[in-house]
Amino acid sequence: MQNGNQAIILSVVMLFLLRYFPTTLAASPTSQPSGRISGKVTSPGEVPLSEMIIYLESPDPKREIAAPKDPVKVSQKGAKFSPAVVVTCVGQTVDFLNDEERSIEHNVFSNTFVKKFDLGLFKPGESRSVTFDKPGAVFLYCSIHRHMDGVVFVSPTPYTSRVEKDGSYTLEGVPPGIWVVKTWQRRRHFPEISIPVLSEVNKIATTDLELRRK
Amino acid sequence: MSPRTLILAFVSALLAGCQSFPQPTPGMASIRIQVFAEPKAGYIPSISGSDYDFPGDGDLGKGVAFQRVDYSSLGGIIVWMESSPSSTSTPAATATIDVAAKKPTSGAAPGVSVNQRLILRNIGPQAANFYSVSDGNEFDLGSIPPGGQKDYTVRSAGLIEILSDSSSDPVAEVYAAPSKWIATGHSGSEISFMNLPPGRYKIASWHPRLPGYEIFVTLPADQVTTATIKVGVNALPKIGPR
């Protein structure tokens, strides 16, 4: 019920903001006039937040947002994905490289509904690429090594920030207009939250987020 | 399928043939399901070196990082039978899950069914809160004293992580299937469901890492049907040469 109320309040705020602050500029992570969104994430406990991502979503599904052209690199060395948590954007490619120094094959697969794939078996020095076309968390495994796991978080926009251990985050280069600030936790201990925010050129919008159990 | 898996399958089939399997009660049907997990097609263990030849970086201990998945005995494979609408119309019996604060879950997640009543029993020495933020199964049971219990009725299919502390790993995990006919097995095992209404069913499976498997079977009355499911990555869309 509370989630329902939050959704209604969020919708009303979004309609108000869209009515009076229409999003007219196409978003791009490049050199357009932009603002910054920053804040602090708090929670009832001493929660390690280093595996938490803050990202922006546009309330306007027609808003065009260009993905970064450079691929993200993920190494497989010591039977580990490195980095183990990768943040990418819809439309962006991730290159998986077998970086082992010895003759050890790896495989990368995901059974997540966001992106199901099997990159086959590849030897040291070889790489495989995947382009992610839907937002969400894609959990990675190796079919050979039982302790190898990682995750690619595919954000709907390139505006993302890892949450620091003190809870702070900063989203840079945000085009002006209405956005929704959202959370994603690798190991979810709290319901994810969404808060509308207005980005203005050369201004800092402060948006603090409080995680609660309910 | 590896030679070891084939041998296991052969021995299982031989043993199954030697044992008399009870017939279903008149007008009902039964099924025996052989469960297998298979490695990636084309995988040759000798190329990847020994499990313990490479020390890893120490996080998991010597050799552990390179431990391989043992498909011949892979556990935690949850199998269920679906036949709308009867699969969940009568909930399965109550399931009791023992939990304790700050005691992370170990072992495979047990299977439960949608609409089933779960009893969470606090076996820890202190009172603790137990809650979940898993999609479709959000709940907060509040404080449960040592030895006490509270219950929750499963609302939605999927993995349910039960937490006691917002800074710790889950204290229990259960997988909820949209069926009251649910069981957990391991590669090489046989799962059987007795006295089901005859008709068409989907056999489905779930594993925390590997893709599930689905097949459809028709169960005739007064007969024991057999089926095989294979869990592994080979059904996933492939990107790359092999």
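**Exercise 1. Lay out the three-stranded open sheet of chain B: in which order do the strands lie, and which are the edge strands?**

Step 1. In this predicted model, the strands of chain B line up as S4-S10-S9 in an open sheet. The pairing is mixed.

Step 2. Find the edges. Strand S4 (111-113) and strand S9 (158-162) of chain B each pair on one side only.

Step 3. Add the twist. Neighbouring strands of this sheet are turned by 35° against each other on average, direction ignored.

Step 4. Look at one pair. S4(B) and S10(B), residues 172-177, run parallel and share three bridges. One residue pair to locate is Gly111(B) with its bridge partner Tyr175(B).

**Exercise 2. Trace the pairing of strand S3 (residues 72-77) of chain A: in which sense does S3(A) pair with S6(A), and how many bridges join S3(A) to S4(A)?**

Step 1. Take S6(A), residues 93-98. Its pairing with S3(A) is parallel, over five bridges. Val74(A) has Phe96(A) as its bridge partner there.

Step 2. Take S4(A), residues 80-82. Three bridges join this strand to S3(A), and the two run antiparallel. Here Gln76(A) is bridged to Phe81(A).

Step 3. Inspect the turn. The hairpin of S3(A) and S4(A) has two residues between the strands. Gly78(A) takes a positive phi near 65° in this hairpin.

**Exercise 3. Describe the contact between the chains: how many residues of chain B are in contact with chain A, and what classes do they belong to?**

Step 1. Count both sides, with a C-beta cut-off of 7 Å. Chain B contributes 36 residues and chain A 37.

Step 2. Sort the chain B side. The residues there are 19 nonpolar, eight polar and nine charged.

How values were computed
Residues numbered from 1 in each chain as written. Chains lettered and ligands numbered in written order. Predicted model: local features only at pLDDT ≥ 70, side-chain atom pairs only at ≥ 80, totals over all residues. Pairing = 2+ DSSP bridges. Helix = DSSP H or I, 4+ residues; strand = E, 2+ residues; numbered from the N terminus. Axes fitted to C-alpha atoms, helices over the stretch in contact; angles between N-to-C directions. Contact = placed C-beta atoms within 7 Å. Nonpolar A, V, L, I, M, F, W, Y, C, P; charged D, E, K, R; others polar.
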